[in-house]
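Student: I have a model open and want to learn how to read it. Where do we begin?

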Amino acid sequence: MDIELYYTPHTRSSRPRWLLEELAVPYRLQPVDLFGGERNPLHPLGSVPAVSLDGETLFESGAICHWLADCFPEKGLAPSHIDPRRARYEQWMFFVPATLEHPAFEVLLHTQILPEKRRIEAIVPLATRGYQRVLRMLSRELDHDGYLLGEQFTCADILLGTTLTWLPELLEDHPLLLAYTQRVTARPAYRRAIEPINETA
Ligand SMILES: N[C@@H](CCC(=O)N[C@@H](CS)C(=O)NCC(=O)O)C(=O)O
């Protein structure tokens with residue numbers, strides 16, 4: 001499969017890049033200078049990431065990861081549809097973008113991303129409380145040395161691991177999540193995925 005990832009560092013593009021490194025399949029990176037004002041020509045909203053897969057465009061970081069993990073079943077990053085763990089895998093693949101990400105991104109938007117004059121201070125404590133509530137639940141789920149599905153690292157850990165890196169200061173009260181984040185981001189594929197583009201090209 002010919003895979004081209006339209007990519008900006010320090011964005012949700014890290015999710016498919018990390019997955020592609022875990023899959024160890026050939027791919028090309030197409031840099032998009034989002035922070036310099038460039039738009040992603042492959043994405044109808046100009047956002048990143050998007051991929052071209054044999055010439056077909058796919059966007060939404062979760063969908064890209066979900067699809068690619070299934071395209072390479074032999075790599076073991078997604079349980080097969082007849083595996084009893086598949087339902088829980090789907091749960092976590094949707095949970096991250098649908099439930100975890102929203103409050104975390106609200107905090108980021110109103111503390112770091114938006115220009116200061118557009119930030120709304122009152123949103124931050126509310127979103128922080130919402131995020132902490134989800135983190136407490138995740139801490140109970142990850143009360144072990146493994147991954148979301150137990151011993152097997154899967155694509156769901158890529159979605160979760162990347163999201164947990166967004167607000168490291170909010171993990172301080174969650175040692176199990178801190179340990180989990182350190183465990184998954186110590187993986188060689190993650191380390192490769194955060195290298196500057198020209199070093200992997
Ligand atoms: N739900 C989308 C969100 C895409 C998104 O908003 N990406 C950000 C970077 S993390 C972006 O491109 N923001 C600039 C913009 O949309 O104009 C996904 O997960 O792919």
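**Reading the fold**

Tutor: Begin with the domains. The domain assignment splits the chain into domain 1 (3-77 + 189-200) and domain 2 (86-187). Keep in mind that this is a predicted model.

Student: How many Å separate the centres of domain 1 and domain 2?

Tutor: Taken over C-alpha atoms, the centres are 20 Å apart. Domain 1 puts 12 residues into the contact, and domain 2 puts in 11 residues.

Student: Which elements give two or more residues to the side of domain 1 that touches domain 2?

Tutor: They are α1 (14-23), α2 (61-71) and α7 (188-193). By residue class, that side of domain 1 has 7 nonpolar, 4 polar and 1 charged.

Student: What about secondary structure along the chain?

Tutor: Count, then read the order. The chain has 8 helices and 4 strands. Along the sequence the pattern runs β-α-β-β-β-α-α-α-α-α-α-α.

Student: In what order do the strands stand in the sheet?

Tutor: The sheet is open, with 4 strands in the order β2-β1-β3-β4. The pairing is mixed.

Student: Which strands stand at the edges, each with a single partner strand?

Tutor: β2 (28-31) and β4 (56-59) do. Each has a single partner, so one side of each is left without a neighbour in the sheet. From one strand to the next, the twist averages 25°.

Student: In what sense do β3 and β4 pair, parallel or antiparallel?

Tutor: Strand β3 (residues 50-53) pairs with β4 in the antiparallel sense, over 4 bridges. For the register, look at Ser52, which stands opposite Thr57 in β4.

Student: Which strands does α1 lie across?

Tutor: α1 lies across β1 (3-7) and β3. Its direction is at about 145° to β1.

Student: Now the ligand. Which residues surround the ligand?

Tutor: List the shell in sequence order. Thr11 and Arg12 come up, then Leu34. A run follows: Leu45, Gly46, Ser47, Val48 and Pro49. Glu60, Ser61 and Gly62 are also there, along with Pro97.

Student: How do the residues of that shell divide by class?

Tutor: The shell around the ligand has 5 nonpolar, 5 polar and 2 charged.

Student: Last, overall shape. What radius of gyration does the chain have?

Tutor: Set the value against the globule rule. With 201 residues, a compact globule would have a radius of gyration near 17 Å. The chain has 17 Å, which agrees. Along the principal axes, its C-alpha atoms fill a box of roughly 45 × 45 × 30 Å.

Terms used
Residues are numbered from 1 along each chain as its sequence is written. This is a predicted model: local features need pLDDT of at least 70, side-chain atom pairs count only at pLDDT 80 or more; totals for chains, interfaces and linings use all residues. Domain bounds come from an automatic or database domain assignment. Two residues are in contact if their C-beta atoms, placed from the backbone, lie within 7 Å. Ala, Val, Leu, Ile, Met, Phe, Trp, Tyr, Cys and Pro count as nonpolar, Asp, Glu, Lys and Arg as charged, and the others, Gly among them, as polar. Two strands pair if DSSP finds at least two bridges between them. Axes are lines fitted to C-alpha atoms, for helices over the stretch in contact, and angles run from 0 to 180 degrees between N-to-C directions. A residue is near a molecule or strand if its C-beta atom, placed from the backbone, lies within 6 Å of it. The radius of gyration is taken over C-alpha atoms; the globule rule is 2.2 Å times the number of residues to the power 0.38.
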